[in-house]
Amino acid sequence: MTELLAVHRARRGRGVRRVAVDGSPFVRSVRLRGGLPEGGGAVTAEDTQRAAVFDRERSHLLAVAFRILGSDADAQDVVQEAWTKYVRADVEEIRNTQAWLTTVVTRLCLDLLRRSREYPREPEDLPEAAGGENPEEVALLAAELTAAFTVVVEELTPPQRVALILHDVFGAPFEEIGHILGTTAGSAKKLASRARGRVRHSEWPDVESSEAHRVVSAFMKAAQQGDIDGLVEVLHPDVTRTADPQVLRPGASQRVHGRKAVIEETGAMRASARRARLVLIDGRPGIAVGAKPLAALVFHVVDGLIVHYDVIADPRRLALLDIEG
């Protein structure tokens, strides 16, 4: 993708250099002011610093883009485009780089959604969330949303999707969301409320906590022991795993589908599984990795099988979870 963007920008007369950030597996495209010097020229300290700043935010930006768009490829494209905008920006005018980059990525997601998908539903057609803005209900939905979002969120309008994901999944305040959407905090809150109501009306049936505890416990034990047969017994054939980039190797997909693919990945992460423990996440059986924890696994169990689980490793998402145990 980097190479394609470099070609695209070269065609527009902008010189590009590739610079590797120390300690980073990624290679960036860096635009040099005035075009590419003869002989390649030197990458400046400002270029390197800018790349390092972006690199620190890249995982979070990928997580935001993926949760909004539901596509690894689209998320990668959006984050790469955000990088090109950041390269061209005057950093002295950016007061909060994290907020600026999140705004750019989210608006690029909105543009992509509006260009590529049809949304027959108008905002007023969606039901209001029952009970208003109950913090406990919002916290529970944060865990539920990941399981339902591939089925339900695509039916939402782009602004509703953005408001719901940024607030309920990443904990962004409505003032910030309103700024991103070009509306008021109150309107952003209303968009999230309507979208939340739509998700609640379509969420998967819940299971008894005892059954979910048994299935999650069996999954953890099988993952720790590398027991393939044990994993087969608890994973649905069409199981889907989603994960934040912070816990994945560079370039790995944030979504893996199918029992075979999920089992293969589970085997590759066996070392992390040894540090796992059973916990309650927002009152439901889950898994935490590490004492801090560094990651949390949220499961959706149907008829005794795991149909979806999400590996939450983005610090902003982890901070929203109530983890006990």
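In this predicted model, F54, W83, Y86 and W100 come together as one aromatic cluster. Searching the whole structure turns up seven aromatic pairs. One of them sits inside the cluster: the ring centres of F54 and Y86 are 6.2 Å apart and the planes meet at 25°, so this pair counts as stacked, the cut-off for stacking being under 30 degrees. F54 belongs to helix α2 (residues 45-69) and Y86 to helix α3 (residues 72-88), so the pair, with its partners 32 residues apart, links distant parts of the chain. Both F54 and Y86 are buried. Y86 has a charged neighbour too: the charged end of R50 sits over the Y86 ring, 5.5 Å from the ring centre.

Another stacked pair turns up among the strands. The rings of F299 and Y309 have centres 5.4 Å apart, and with planes at 25° they also count as stacked. F299 comes from strand β7 (residues 295-302) and Y309 from strand β8 (residues 305-312), so this pair ties together parts of the chain that are ten residues apart in sequence. F299 and Y309 are both buried.

Now for the nonpolar cores. The largest one holds 42 residues, and the members that touch the most other members are I68, V78 and I177. Helices α2, α3, α4, α6 (158-169), α7 (174-181) and α8 (185-202) are the elements that give two or more residues to this core. The largest share, eleven residues, is supplied by α2. In domain terms, this core takes at least three residues from domain 1 (45-118) and at least three from domain 2 (147-201). Leaving aside residues up to four places away in sequence, I177 touches A163, L166, H167, A172 and A188. A second core, separate from this one, has 27 residues, V216, V239, I306 and A313 among them.

T106 is worth a look as well. This threonine lies in helix α4 (residues 97-116), and at 0% relative accessibility T106 counts as buried. With residues up to four places away in sequence again set aside, T106 touches V64, I68, V162, L166 and I180. One of these contacts, I68, is also among the residues that touch the most other members of the largest core, and L166 is a contact of I177 as well.

Finally, a few backbone oddities. Most residues other than glycine have a negative phi, and most peptide bonds are trans. Against that background, the peptide bond from K292 to P293 is cis, with omega near -5°. P293 is placed in the loop between β6 (284-289) and β7. Two aspartates stand out on phi. D282 has a positive phi of about 55° without being a glycine, and its place is the loop between β5 (276-281) and β6. D303, not a glycine either, likewise has a positive phi of about 55° and is found in the loop between β7 and β8. As for their surroundings, D282 has a relative accessible area of 10%, so D282 is buried, whereas D303, with a relative accessible area of 71%, is exposed.

Note on methods:
Residues numbered from 1 in each chain as written. Predicted model: local features only at pLDDT ≥ 70, side-chain atom pairs only at ≥ 80, totals over all residues. Heavy atoms only, no water. Phe/Tyr/Trp six-rings, centres within 6.5 Å; stacked < 30°, edge-to-face > 60°. Helix = DSSP H or I, 4+ residues; strand = E, 2+ residues; numbered from the N terminus. Buried < 20%, exposed > 50% of the residue type's maximum accessible area, 1.4 Å probe, protein only. Lys NZ or Arg CZ within 6 Å of the ring centre and 35° of its normal. Contact = heavy atoms within 4.5 Å. Core = buried A, V, L, I, M, F, W, Y, C linked by side-chain atoms within 4.5 Å. Domains from an automatic or database assignment.
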